[in-house]
Amino acid sequence: MKRIFPIIIVLVTVSVLGVVYFQISLLKNMLLLRQDQVEQKIFDVTKIVAEDLAQLKGTLPVQPARKFPDLNDPFSIDMYRTYSIGARLTTQELGEKINAAFLSQKVENIPYEFGLVTFRNNDIAHFERQSARFEEWFQDTMNYRRWIHGLVPPSGSVAENLSTDEYLVVIVPSIKDIVYKGMLSNIAVSIIFLLIIFAAFYLTVRTMLRQKKMSEIKNDFINNMTHEFKTPISTISLAVDALKNEKVQSDPKKLTYFSSIIKEENQRMNRQVETILKSALMDRQEVQLNVKPLHLHEIINDVIDNFALRLQEKQGTLETSLSAENDLIEGDEVHMSNLINNLLDNAVKYSKENVPPRINLATTSTNKKLIIRLEDNGIGMTRETVKRIFEKFYRAHTGNIHNVKGFGLGLSYVKTVVEAHQGVIKAESTLGKGSCFTIELPLKQD
């Protein structure tokens, strides 16, 4: 599993990056294709209008020119003006023709300016007809692109060599900006799909990491459970073998002694099984809390009385300061007792070697909350351990040393009970100095 897991992560990562790369490439190609299509349509519009105007230019005007050309000067200006589109169409009429061409090509929402231009005297542009901002856009070649098409009268027409060279100019802002705006919906959909891909990738990797972590936790739990059950089973086995001895059978005191050992170890195993089952039930939320008004100080005192012998064995001390003015809560008596007992049990279990445990238990209250604070002088925890101590089955790594008994279920159970009572639990610790647990529980409201 350790070897396969990195390979799977690499393969999934490469696959996701490949999909993202092709998605972005596809989007870029679509943008370039759409840009080429728009440019081609604008070119077609310019060509269609220019050819239409060229046909018109090749015919005689409906109204005769104000001045007939001098036969001795066939290139007179008036002759040219007779066949000039700039002289025959107004700016509005020219704009209507261009609009119609844009509609015929199904090109909409594209801003443009247009003009009729002749080039004279060393390519100096003369604007015969122009839209409002044509000259401004015509001068700005950085941000605007021109489409120019000459108005060439048909071959053999009356005006073939009698008119000035005119050009239709259509100017459009940056095509890229126009295409981007037109493809905003496609881009948005692509971004959404990319986000979905990244989310799926994140969830997949996260799930795999959690599965790997759960696998490690499961192995640790099995090792701890095997160790926890192995000791009482061995003790019971030795006690049973001792009971088979004739000398033991003939001595009532020894019979009682070995029988009590078997009973104690059996009870110990039963408590471990109950802890595991209780944790499983809490996980499935199948435990029904028997909620009733409770004076928590009474529960704390009862637990302390039962815990006295345990502290005496360790030569420890427990100082209490139950100074909460109001200790009435609504809770389950059994679970609240187990909660206090688990915290005290941890304080003793994780005490320093050859140092008597010293525990301080205090309560205070506010208008709405009862606050319980339990502090010890134990081995303490690292920041990483503090972040994970409420996780199910989690225990600080101690290698193969099993000097501290348990399955890593105690604090997980404590947190579950606190949250089931609508409370909050916090942990603070300094490695080598001890730990402090703070519990806030809602007080019973009138």
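Here are legends for several close-up views of this predicted model.

**View 1. The whole chain, before zooming in.** The predicted chain has 446 residues, and 35% of them count as buried. DSSP-style bookkeeping gives 13 helices and 11 strands. The accessible surface comes to about 28,100 Å², with 54% of that belonging to carbon and sulfur atoms. Take the contacts with a separation of 6 or more, and 72% of them turn out to link residues 24 or more positions apart.

**View 2. An open sheet of 5 strands.** Reading across, the strand order is S6-S8-S9-S11-S10, and the pairing is mixed. At the edges sit S6 (317-322) and S10 (424-430), each pairing on one side only. From one strand to the next, the twist averages 10°.

**View 3. Strand S9 and its two neighbours.** S9 covers residues 369-376. On one side, S8 (residues 358-365) runs antiparallel to S9, and 7 bridges join the two. The link between S8 and S9 is a hairpin of 3 residues. Look for Thr-364, whose bridge partner in S9 is Ile-371, and for Leu-361, which stands opposite Leu-374. S9 also pairs with S11 (residues 434-442), again antiparallel and again through 7 bridges. Here Leu-370 has Leu-441 of S11 as its bridge partner.

**View 4. The two faces of S9.** Which residues of S9 make up the covered face, and which the uncovered one? Leu-370, Ile-372, Leu-374 and Asp-376 are on the covered face. Lys-369, Ile-371, Arg-373 and Glu-375 take the uncovered one. Put that together with the pairing: Leu-370, bridged to Leu-441 in S11, belongs to the covered face, while Ile-371, the partner of Thr-364, belongs to the uncovered face.

**View 5. Helix H13 lying across the sheet.** H13 spans residues 410-420 and lies across S10 and S11, running at about 145° to S10. Its buried residues are Leu-411, Ser-412, Tyr-413, Val-414, Val-417 and Val-418. An α-helix has 3.6 residues a turn, so residues three or four places apart point the same way. Among the buried set, Val-414 and Val-418 make a handy pair to pick out with that in mind. After the helix comes Gln-422, with a positive phi near 60°.

**View 6. A nonpolar patch on the surface.** Val-189, Ile-192, Phe-193 and Ile-196 together make a nonpolar surface patch of about 370 Å². One of these, Ile-192, lies in helix H7, which runs over residues 184-243. Is Ile-192 partly exposed or buried? Ile-192 counts as partly exposed because its relative accessibility is 48%.

**View 7. Glu-136 in helix H5.** Glu-136 lies in H5, which covers residues 134-139. With a relative accessible area of 54%, Glu-136 is exposed, since the cut-off for that label is over 50%. Now find Glu-113, 23 residues away along the chain: its C-alpha atom is separated from that of Glu-136 by 9.6 Å.

Note on methods: Residues are numbered from 1 along each chain as its sequence is written. This is a predicted model: local features need pLDDT of at least 70, side-chain atom pairs count only at pLDDT 80 or more; totals for chains, interfaces and linings use all residues. Side-chain values use heavy atoms; hydrogens and water are left out. Patches are made of residues with over 30% relative accessible area and no salt bridge: like charges are joined within 9 Å, nonpolar side chains (Val, Leu, Ile, Met, Phe, Trp, Tyr) within 5 Å. Accessible areas come from the Shrake-Rupley method with a 1.4 Å probe; for residues, only the protein chains shown count as cover. A salt bridge is a side-chain nitrogen of Lys or Arg within 4 Å of a carboxyl oxygen of Asp or Glu. Helices (H or I, at least four residues) and strands (E, at least two) are DSSP runs, numbered from the N terminus. Buried means under 20% relative accessible area, exposed over 50%, partly exposed in between (1.4 Å probe, protein chains only). Two strands pair if DSSP finds at least two bridges between them. Axes are lines fitted to C-alpha atoms, for helices over the stretch in contact, and angles run from 0 to 180 degrees between N-to-C directions. Contact means heavy atoms within 4.5 Å.
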